[in-house]
Amino acid sequence: MASHPEYTNGTNGSDVAKAFAENIKGKTIVITGVSPRSLGETLAVILAKHSPKSLILASRTQSKLESVADAIRQQSSDKVEVHPVVLDLSDQESIHDAANKISQLTSHIDILINNAGFVSSSREETVEGIEKTFGTNHVGHWLFTSLLAPSLAAAAQGTSPGATRVVNVSSMGHKFSPVRFSDYNFLGGDVPADEEPPSYVPAHMRPDKTVGRHYQGFTAYAQSKTANILHCYSLNRRLPGVKAFAAHPGTIATDLSRNLSTEDAKVIESATDWIDQDQGTATILVGALDPKLALVGNDQAYLSDCQVAEPADHARSPDVAERLWTLSEKLTKTS
């Protein structure tokens, strides 16, 4: 389905950007989760080399944003516009503030890359009292994307169908859990079998009320990554002219695991097929830039190893995607 069937998880994102450079030139691009030595920084640096009109970098810490922005300005011979915007995805007031600032910067957004992520071995909450992994990775990005939807729609009106893109950075880890509608906050509610982790997930990596383990960090993360995929199905139906993809970037060493316990961190460290940051941007950039992906169906929204792929069964249902949309409206008071 993609333009380059030879691309794999070993492909460099810098090579993907070079191949699709014409789809970067003159574009306005928003990236969340940008800080020094992060995947967001690598994405921004790669894209800046191909003459976008504007890069809007959104993350929690002003000083870290400024550091990345300054580095890009110094490296970019084309003097690309770089705009740091403070965004805390665990605080809906901050999300509204960031979206308002972005709307003052531009009326058109060609590419939105929802890259920021959070995971923790201990249960935390957002400002609104939502379990923080779900609240940040899905609900925060859902609200941010919804507030920017008019700018995405405006960009889509001026270009070929499907050229305007939203990319949610998901994970192969979505396979560990569906969305737990009955207990998305991990408070120990009754959960039906079809909302529990699949049978192949080890017992110690799943919530278990019988032993007082209402929360499990990997399940919480998996739920949020499943939600990232389902969000894309809904966007593809609701935003004419815009294509949305959820991308598994690969196994990359980042600071995402900084809130994991030593035991949980060892699970991550035991993973195989590690790739570097440049390679980690490749699938994301295929989703953002490959013109051939404008032709795929709205239900083909998951990418892995730079190709269209099939997610787990629990991340495919349009009905579940609509149910998640309704829940997201409720949690953000936008219904």
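The paragraphs below go through this predicted model from its overall dimensions to its sheet, its helices and its nonpolar cores.

The secondary structure of the protein amounts to ten helices and ten strands. For 335 residues, a compact globule would be expected to have a radius of gyration near 20 Å, and the value for the protein, 19 Å, agrees with this. Taken along the principal axes, the box filled by the C-alpha atoms is roughly 60 × 45 × 40 Å. Of the 335 residues, 55% are buried, and among contacts between residues at least 6 apart in sequence, 75% join residues that are at least 24 apart.

The sheet is the next element to consider. Eight strands form an open sheet with mixed pairing, and their order is β3-β2-β1-β4-β5-β6-β9-β10. The edges are occupied by β3 (residues 81–86) and β10 (residues 307–308), each of which has a single partner strand, so that one side of each is left without a neighbour in the sheet.

Strand β4 (residues 111–114) can serve as a point of reference within this order. Strand β1 (residues 28–32) runs parallel to β4 and is joined to it by three bridges, with Ile 31 having Ile 113 as its bridge partner in β4. Strand β5 (residues 164–169) is also parallel to β4, and four bridges join these two; here Asn 114 has Asn 168 as its bridge partner in β5. Continuing along the sheet, β5 and β6 run parallel and are joined by six bridges, and the partner of Val 166 in β6 is Ala 244.

How are the two faces of β4 placed with respect to solvent, buried or exposed? Both faces are covered, since Ile 111 and Ile 113 on one side are buried, as are Leu 112 and Asn 114 on the other. The connection from β4 to β5 involves helix α5 (residues 132–157), and these three elements make a right-handed β-α-β unit.

Other helices pack against the strands. Helix α4 lies across β1, β2 and β3, running at about 160° to β3, while α6 lies across β5, β6 and β9 and runs at about 165° to β6.

In soluble globular proteins, nonpolar side chains tend to be buried together. The largest nonpolar core here has 45 residues, of which Ile 102, Leu 112, Phe 134 and Phe 144 touch the most other members. At least two residues of this core are supplied by each of β2, α4, α5, α6, β6 and α10, and the largest share, nine residues, comes from α5. Leaving aside residues up to four places away in sequence, Phe 134 touches Val 139, Tyr 184, Gln 223, Ser 224, Ala 227, Leu 324, Leu 327 and Leu 331. Apart from this core lies another, of 42 residues, which includes Ile 24, Val 80, Ile 111 and Leu 303. The two cores thus both draw on β4, because Leu 112 belongs to the largest core and Ile 111 to the other, and these residues are on opposite sides of the strand.A last position lies outside the helices and strands: Pro 192 is found in the loop between β5 and α6 (217–238). Pro 192 is partly exposed, because its relative accessible area of 33% falls between the 20% and 50% limits. The C-alpha atom of Pro 192 is separated by 8.7 Å from that of Arg 180, twelve residues apart along the chain.

Conventions. Residues are numbered from 1 along each chain as its sequence is written. This is a predicted model: local features need pLDDT of at least 70, side-chain atom pairs count only at pLDDT 80 or more; totals for chains, interfaces and linings use all residues. Side-chain values use heavy atoms; hydrogens and water are left out. Buried means under 20% relative accessible area, exposed over 50%, partly exposed in between (1.4 Å probe, protein chains only). Two strands pair if DSSP finds at least two bridges between them. A crossover is right-handed if, with the strands pointing away from the viewer, the path from the first strand over the helix to the second runs clockwise. A nonpolar core is a set of buried Ala, Val, Leu, Ile, Met, Phe, Trp, Tyr and Cys residues joined through side-chain atoms within 4.5 Å. Contact means heavy atoms within 4.5 Å. Axes are lines fitted to C-alpha atoms, for helices over the stretch in contact, and angles run from 0 to 180 degrees between N-to-C directions. The radius of gyration is taken over C-alpha atoms; the globule rule is 2.2 Å times the number of residues to the power 0.38.
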